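Grab a pencil and work through these exercises with the structure open beside you. Try each task on your own before you read its solution.

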Amino acid sequence: MSANLLQPEKIEIVDFKIIKGQIHSPFDFEEEKVQGHNFNVNFELGFNIPDKLIKADFLVNVETKSEKENESDEEAIGSFSFVYVYYIDNIEELTKLEEDNTVTISPALGNALAAITYSTSRGILMTRFQGTALSNFILPVINPNKLIE
């Protein structure tokens, strides 16, 4: 497996779905009291080597951090689950099926899939959060290798 074998034109998104998309934005929520956001993401890959497919599951949870006047004040919460299916034309050159049925993936391919998944999801979230208490949240730019670790 070599990084030189990664050819972006051989990667194709063949399917995409939003499995879960939920925003809880309390009616009386005061956006001007938002001081920041807490968020976490989860990224997992699944493989179908014979059909040259890789499935990426990407979950995002976001919650506002606000000045609270009362302990009962609720935060705004967003929870999304995305699924991407990628066709990799030269998958056999970029992956290796181990004896224990696990798949070892080229670091370059893992990085590319993480970057595509994360950045595409960022754009989708920006549009979904418009008009809600989460409208000021944008997934930050990160090193895609952190998703794979």
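**Exercise 1: A lysine in a loop**

Lys33 is found in the loop between strand E1 (11–24) and strand E2; helices (H or I, at least four residues) and strands (E, at least two) are DSSP runs, numbered from the N terminus. Before going on, note that this is a predicted model, where local features need pLDDT of at least 70, side-chain atom pairs count only at pLDDT 80 or more, and totals for chains, interfaces and linings use all residues. Residues are numbered from 1 along each chain as its sequence is written, and side-chain values use heavy atoms, with hydrogens and water left out.

Task: work out whether Lys33 is buried or exposed, and which residues Lys33 touches.

Solution.
- Step 1. Learn the cut-offs: buried means under 20% relative accessible area, exposed over 50%, and partly exposed in between (1.4 Å probe, protein chains only).
- Step 2. Lys33 has a relative accessible area of 14%, so it is buried.
- Step 3. A contact means heavy atoms within 4.5 Å. Leaving out residues up to four places away in sequence, Lys33 touches Lys65, Ser66, Glu67 and Glu69.

**Exercise 2: The overall layout**

Task: find how many helices and strands the protein has, and in what order the elements run.

Solution.
- Step 1. Count them up: there are 3 helices and 6 strands.
- Step 2. Starting at the N terminus, you should read β-β-β-β-α-β-β-α-α.
- Step 3. Now check the spread. The radius of gyration is 18 Å, well over the 15 Å that the globule rule gives for 149 residues, so the protein is more spread out than a compact globule. (The radius is taken over C-alpha atoms, and the rule is 2.2 Å times the number of residues to the power 0.38.)
- Step 4. Along the principal axes, the C-alpha atoms fill a box of roughly 55 × 25 × 25 Å.

**Exercise 3: Inside the core**

Task: say which residues touch the most other members of the largest nonpolar core, then look at what Phe82 touches.

Solution.
- Step 1. A nonpolar core is a set of buried Ala, Val, Leu, Ile, Met, Phe, Trp, Tyr and Cys residues joined through side-chain atoms within 4.5 Å.
- Step 2. The largest one has 30 residues, and Phe58, Phe82, Ile88, Leu109 and Leu113 touch the most other members.
- Step 3. Two or more residues each come from strand E3 (53–66), strand E4 (77–88), helix H1 (91–94) and helix H2 (107–129). H2 gives the largest share, 8 residues.
- Step 4. Zoom in on Phe82, which sits in strand E4 and counts as buried at 0% relative accessibility.
- Step 5. Not counting residues up to four places away in sequence, the residues that Phe82 touches include Phe16, Ile18, Phe58, Ile124 and Leu125.
- Step 6. For Phe58, counted with that sequence cut of four places, the list includes Val41, Phe82, Tyr118 and Leu147.

In soluble globular proteins, nonpolar side chains tend to be buried together.

**Exercise 4: Positive phi**

Most residues other than glycine have a negative phi.

Task: look at Lys52 and Asn101, and find what phi Lys52 has and what phi Asn101 has.

Solution.
- Step 1. Lys52, in the loop between E2 (34–48) and E3, has a positive phi of about 65 degrees although it is not a glycine.
- Step 2. Asn101, in the loop between strand E5 (95–97) and strand E6 (103–105), has a positive phi near 70 degrees.
- Step 3. Add the accessibility: Lys52 is partly exposed at 22%, whereas Asn101 is exposed at 61%.
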